[in-house]
Amino acid sequence: MDPRLRDLLVRGGGLVVRRDAIRVTPVWTIQAAWRAGRLVRLLPRVYGDAALIRDTTSDLPPLARVDPEVARRAVLAYADGRGALSGLSALDAWGLRQQPPGEPLYVDLPRGSGLRGRPHLVVRHRAGFAVEPPQVVVRGGLPVTRLDRTLVDCWPLLPPVDRPGPLIRAVNDRLTTPQRLVAALADVPRLIDRAALRDLLDRLAAGCRSPLEIWGHDRVSRAPVCLRSLDRPGCGSVPEPSTSTCSPRRSA
């Protein structure tokens, strides 16, 4: 491999962008390294050191066969400063759910960016999107979508049984509040299964902080009230149930 290209790979943590490479080496050096199996094309115009590939026999795309940290940096290099990790990739960066092997990466870009999804990469174009606060923050040195929007966006991406966990944990850890999540939900009026998310946020706002508390809240709220009546002998004196088993908490 050309020494100049090798130096770029070292400085880029195993990645090199075609634009940067052709500034210091002829185009044919990239092509020669790729044909010789020294470079792998992770995304258009983004190459990686072939030594980073973890499974050379897999049929998965190259982006799915490198370390997740390398894959995330490759995605952002492809976005060329216009995108931020989003969806399940942002949820991973926030430390609320680790992406399993084989799950695609997610990136948000401004509408009209011209970039599109690739194997193992889901691209979402958003009107008015900008890689700056308040839409984007930096986590671990990488731009990611803000937590409230990330949690809302991930709701339909997760299996129903796994959806409440990240939201409950984020509220419990004081990373966000039910009120901020409700505001983020208002920005996504067509979210899949939106009503179920709103119900969960109502429970969190009522003070529920675990699936068990939510279950108890729902069970008590929906329990029939047995009132004393001359027409219902044997009913006895039964106190009317409370409207909630959850204790109100202060907002973070």
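This passage walks through a predicted model of a single chain, from its overall make-up to a few individual residues.

The chain holds ten helices and eight strands. Of its 252 residues, 42% are buried. Among contacts with a separation of 6 or more, 52% join residues that lie 24 or more positions apart. The mean pLDDT of the chain is 88, and 86% of the residues reach 70 or more. One stretch stands out in this respect: over residues 225–242, pLDDT stays under 50. For that stretch the model has 13 contacts beyond four places in sequence. Where pLDDT is low, the predicted coordinates should not be read in detail.

The interior comes next. In soluble globular proteins, nonpolar side chains tend to be buried together. Here, the largest nonpolar core has 53 residues. Those with the most contacts inside this core are L63, V75, L121, L151, L167 and L197. Helix α4, which spans residues 68–79, gives the most to the core, with seven residues. Another core, of nine residues, lies apart from it, and among its members are L8, A21, A33 and L39.

Two of the well-connected core residues can be followed in more detail. L121 is found in strand β6, and it counts as buried because its relative accessibility is 4%, where buried means under 20%. Leaving aside neighbours within four places in sequence, L121 is in contact with L43, L63, V75, Y78, P104, L105 and V107. The C-alpha atoms of L121 and A71 are separated by 9.7 Å, although these residues are 50 residues apart along the chain. L197, for its part, touches V152, W155, L167, L185 and L191, again not counting residues up to four places away. One of these partners, L167, belongs to the buried residues of helix α7 (residues 164–172). The buried residues of α7 are P166, L167, I168, A170 and V171.

Two other partners of L197, V152 and L185, take part in a contact between helices. Two packed helices are described by the angle between their axes and the distance between the axes. The axes of α6 (residues 147–154) and α8 (residues 178–186) come within 9 Å and cross at roughly 65°. This crossing is right-handed. On the α6 side the contact is made by D148, R149, L151 and V152, and on the α8 side by R180, L181, A184 and L185. By class, five of the residues in the contact are nonpolar, none is polar and three are charged.

Residues A90 and L52 give two further views of the fold. A90 sits in helix α5 (residues 87–93) and is buried, with a relative accessible area of 0%. Beyond its neighbours up to four places away, A90 touches L85, V144, T145 and T150. A90 and L142 are 52 residues apart in sequence, yet their C-alpha atoms are 9.6 Å apart in space. L52 lies in the loop between β3 (46–49) and α4. With a relative accessibility of 27%, L52 counts as partly exposed. Setting aside neighbours within four places in sequence, L52 is in contact with G13, G14, R65, V66 and V70. The C-alpha atoms of L52 and V66, which are 14 residues apart along the chain, are separated by 5.8 Å.

Finally, the backbone has some details to look for. Most residues other than glycine have a negative phi, and most peptide bonds are trans. D80 has a positive phi, near 60°, and lies in the loop between α4 and β4 (84–85). D80 is partly exposed, at 40% relative accessibility. H120 also has a positive phi, of about 70°, and its place is in the loop between β5 (105–110) and β6. Unlike D80, which is partly exposed, H120 is buried, with a relative accessible area of 14%. A further positive phi, near 60°, belongs to R174, which follows α7. The peptide bond from P133 to P134 is cis, with omega near 5°. P134 is located in the loop between β6 (121–126) and β7 (136–139).

Technical notes
Residues are numbered from 1 along each chain as its sequence is written. This is a predicted model: local features need pLDDT of at least 70, side-chain atom pairs count only at pLDDT 80 or more; totals for chains, interfaces and linings use all residues. Side-chain values use heavy atoms; hydrogens and water are left out. Axes are lines fitted to C-alpha atoms, for helices over the stretch in contact, and angles run from 0 to 180 degrees between N-to-C directions. Helices (H or I, at least four residues) and strands (E, at least two) are DSSP runs, numbered from the N terminus. A crossing is left-handed if the near helix is turned anticlockwise from the far one by less than a right angle, and right-handed if clockwise. Contact means heavy atoms within 4.5 Å. Ala, Val, Leu, Ile, Met, Phe, Trp, Tyr, Cys and Pro count as nonpolar, Asp, Glu, Lys and Arg as charged, and the others, Gly among them, as polar. pLDDT is the predictor's confidence in each residue, from 0 to 100. A nonpolar core is a set of buried Ala, Val, Leu, Ile, Met, Phe, Trp, Tyr and Cys residues joined through side-chain atoms within 4.5 Å. Buried means under 20% relative accessible area, exposed over 50%, partly exposed in between (1.4 Å probe, protein chains only).
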